[in-house]
Amino acid sequence: TSNNCLTLTISKAPAITIMPPSNPPLHPTMWAISYDQLMNFHEEAAVNFGSAYQDMTMRDVNTQIISPVCRVTGTSYSLYLNPRGLKIDAFVTHAWDEPFGDFVESIRVALKPLASKPNLWICSFALVQGNDETVRKQLGQEST
């Protein structure tokens, strides 16, 4: 550890550097990832999972990469990448059972004409992934 940071490695996920939580907590408009961060995530996941990656869905990527990072860091994947936050430029939605590679490719194609790529708010990256209760709390919903 150095500078109050801790670096961990989770199997099949990039090394994790845990930063001290921001105080006060960042507003949800600061929970974006950059276009380049999404492309890098896609490339690293493809390398880590090899030929199995082509069949992985958003749900698989969430279960095998994003959720473990959230569990270890106690924060969302986007805030793990951007501890000081990154302001949203575009909201992107997804289906849990769509192929993750197709999801990323659709974003790449849609944004190709733009010289400056927007920062993306994608729920699987922006929200701390965990059980239903964890997600409900972030959305301001009470347990039922």
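**A buried serine, a first helix and its ring pairs**

Ser67 has a relative accessibility of just 8%, so this residue counts as buried. Its place is in helix 2, which covers residues 58-73. Once neighbours within four places in sequence are set aside, the contacts of Ser67 are with Asn62, Gln129 and Gly130. All of this is read from a predicted model, so a word on confidence comes next. The mean pLDDT of the protein is 84, with 76% of residues at 70 or more. Residues 1-11 are another matter, with a pLDDT below 50, although this stretch still has 22 contacts in the model beyond near neighbours in sequence. Where pLDDT is low, the predicted coordinates should not be read in detail.

As for the overall layout, the protein has 6 helices and 4 strands. Starting at the N terminus, these elements follow the order β-β-α-α-α-β-α-β-α-α. Of the 144 residues in the protein, 39% are buried. The accessible surface is about 8300 Å², and carbon and sulfur atoms account for 53% of that area. Contacts also reach across the sequence: taking those between residues at least 6 apart, 72% join residues at least 24 apart.

Helix 1 makes a handy starting point for a closer look. This helix runs over residues 35-49, and its 15 residues should span 21 Å at 1.5 Å a residue; the end C-alpha atoms are indeed 21 Å apart, so the expected and modelled spans agree. Which residues of helix 1 are buried? They are Tyr35, Gln37, Leu38, Met39, Phe41, His42, Ala45 and Phe49. These buried residues pack against a mixed set of partners, namely helix 2, helix 3 (77-81), helix 4 (100-111), strand 4 (120-122) and helix 5 (123-126). At the start of the helix, Tyr35 has company as well: Lys117 lies over the face of its ring, 5.7 Å from the ring centre. Just past the other end, Gly50 adopts a positive phi of about 60°.

Aromatic rings turn up in several of these places, and a search of the whole structure gives 8 aromatic pairs. One of them joins Phe41 and Phe100, whose ring centres are 5.7 Å apart and whose planes meet at 70°, an edge-to-face arrangement. The two residues come from distant parts of the chain, with Phe41 in helix 1 and Phe100 in helix 4, 59 residues apart. Both Phe41 and Phe100 are buried. They also belong to a wider cluster, in which ring pairs link Phe41, Tyr53, Tyr77, Tyr80, Phe100, Phe103 and Phe125.

What about the rings of Phe91 and Trp121? Here the centres are 5.5 Å apart and the planes lie at 15°, so this pair is stacked. Again distant parts of the chain are linked, since Phe91 sits in strand 3 (residues 90-92) and Trp121 in strand 4, 30 residues apart. Is each partner buried or exposed? Phe91 has a relative accessibility of 58% and so counts as exposed, whereas Trp121, with a relative accessible area of 12%, is buried.

Technical notes:
Residues are numbered from 1 along each chain as its sequence is written. This is a predicted model: local features need pLDDT of at least 70, side-chain atom pairs count only at pLDDT 80 or more; totals for chains, interfaces and linings use all residues. Side-chain values use heavy atoms; hydrogens and water are left out. pLDDT is the predictor's confidence in each residue, from 0 to 100. Contact means heavy atoms within 4.5 Å. The expected span of a helix is 1.5 Å times one less than its number of residues. Buried means under 20% relative accessible area, exposed over 50%, partly exposed in between (1.4 Å probe, protein chains only). Rings of Phe, Tyr and Trp (its six-membered ring) pair if their centres lie within 6.5 Å; planes under 30 degrees apart count as stacked, over 60 as edge-to-face and the rest as tilted. A charge sits over a ring if NZ of Lys or CZ of Arg is within 6 Å of the ring centre and within 35 degrees of the ring normal. Accessible areas come from the Shrake-Rupley method with a 1.4 Å probe; for residues, only the protein chains shown count as cover.
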